[in-house]
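Got your viewer open? Let's walk through this one together, a selection at a time.

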Amino acid sequence: MDNYFAKEIDWLLGRSEPPATCLEIWKWWEQRRLFYNVLVLCCISLSFCAYNFVRLGLYNEEFWYEPLTFMFLFTVGTLIWNLAYTAGMLVDLIFFRLIKKWFGQKLYQSGLAFSLSVLFLPTILLFGFKFCPKAHAEDFNRVFNLMAKSKYSAALNVLQKDHLNLNGEGEYLEGYCLMRLHQMSEAKPHFLKSIQLGYAPYSQWTPTREFLDRIDRFEQIRPVRQPNACIEIYAANSNWTNPILKELPRFAERAKYIFGNVPKITFYILAKRKDFSTLYRDMFQNSAEERWWNNGTGVSNVVVFSERDKDGKWSLFPGTARAYGDVLHEYGHALCDTIYGDNYLDHVPEWLNEGMADAIARPYYGELFIDADNLLRRYAQKNKPPEYEVLCHGLYRSPDVGYAFGRLMVEQLLAGDVRRIAAIVSNSRVAQDFEAGIKSATGKSGKDAYNAVVKKYWPSAQRWQMKSSVQSPCFFFNPKFLENY
Ligand SMILES: [Zn+2]
């Protein structure tokens, strides 16, 4: 039996009696063409799966275009390989006629090896990429960005308690933790001390000088501090900021009404767009221009706002309800993020994040809620509803519809009591899971809220459900499908 298989394999790999005539050579090649094709197609499938698994592990991203690549390889690719196979046979025949020597076996075997290595090349390169130093640095950066706020706070405590901060490296680390907590001015004396103590950080760490430059820029553009109770605010006196400064006590009242105890949030309102971009980059280490509509943001501990949009116009029209609402919206984000703590933005479904911020800003957003209603009515006439998953992780792809959905879904969950936001955030924090937090705080699930909105605007929803249940034609290669197993 073993012997039989060994013989078969030898035959398939071209280890057989050499053919004696041109006709026999032609037959020799054609007998193996089917095997060659089967092997290539198996390897395409295998390489495709391996490639996507590695990619999923590396970037955790969708790859909708990959099945198309796969189809392409299966059709056009197969044609090309068969042409190459035929070329191999022709070369063999030509040499046989010219010098009466048979190279078929070598040609066939090296062709086989070459085809297979080409097919596995993308996967091998991707594996290599994962372990090459540059990719390593990128991964490291990603981990850095994910590193939890609570760890920096805990690290600060340890440094101070054990007096580790008295040495140069400790001073540097203390400064570093404060930078990550967006407390840039507080970080400065620690970096200065660390230089004074003669400490130079490891080459792969950010140089102390670079941090100090970032802090210097920040301090130069930071406006004057305006005294206030639970909101600390840095803003220049201007026609744009003064109305907002007057409104701040109401923001604070709203925050206390919803959350009870509120953490201190620091506002930076910048008059010049250039300063906003600089501060944004120095504080968050990414660009404010990544999202074109970004004129302000609210994250852990801070709200940053620009008076001007990227074209130099007013980012919000000063003294209007909409302007107050937008600042309060960002303050809402900052409160949720700070209260939830670690990895808020990674955990929170996007519709909930935006919907809660809108609900917090609701006293100024009456018009916006009417707009949402109109927009969805119009949208529903020509489109099917966005899928729930898209609202969770792809809302910013079509922000208008996404925000409108989030606003109305959160309205469903709150059922008239905005203080439920505090319960949603704190329950989710305990469970480290927003779906569980929503359920325990409101008795409803996110999906319930979604279905209620869909039912309202798409009353004859069956038509759409039929359409949206059409799966990717190649279901096995749908990553969502794989995730369930
Ligand atoms: Zn927002």
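Start by selecting residues 135-140, where pLDDT (the predictor's confidence in each residue, from 0 to 100) stays under 50. The model gives this stretch two contacts beyond four places in sequence, a contact meaning that the C-beta atoms of two residues, placed from the backbone, lie within 7 Å. Next, select residues 464-485: pLDDT is below 50 here too, and the stretch has 18 contacts beyond near neighbours in sequence. Where pLDDT is low, don't read the predicted coordinates in detail.

A quick note on what you're looking at: this is a predicted model, in which local features need pLDDT of at least 70, side-chain atom pairs count only at pLDDT 80 or more, and totals for chains, interfaces and linings use all residues. Residues are numbered from 1 along each chain as its sequence is written.

Now colour the whole protein by confidence. The mean pLDDT is 82, and 85% of residues reach 70 or more. Confidence is highest in helix H14 (residues 350-360), at a mean of 96, and lowest in helix H22 (residues 479-483), at 35. Helices (H or I, at least four residues) and strands (E, at least two) are DSSP runs, numbered from the N terminus; the protein has 22 helices and five strands.

Last stop: pick Lys149 in helix H6 (residues 149-161). Is Lys149 buried or exposed? It's buried, because 20 other C-beta atoms lie within 10 Å; the cut-off for buried is 20 or more, with exposed at 12 or fewer and partly exposed in between, using C-beta atoms placed from the backbone. Leaving aside neighbours within four places in sequence, show its contacts: Leu181, Ser300, Gly341 and Asp342. Asp342 is 193 residues away from Lys149 in sequence, yet 5.4 Å away in space, C-alpha to C-alpha.
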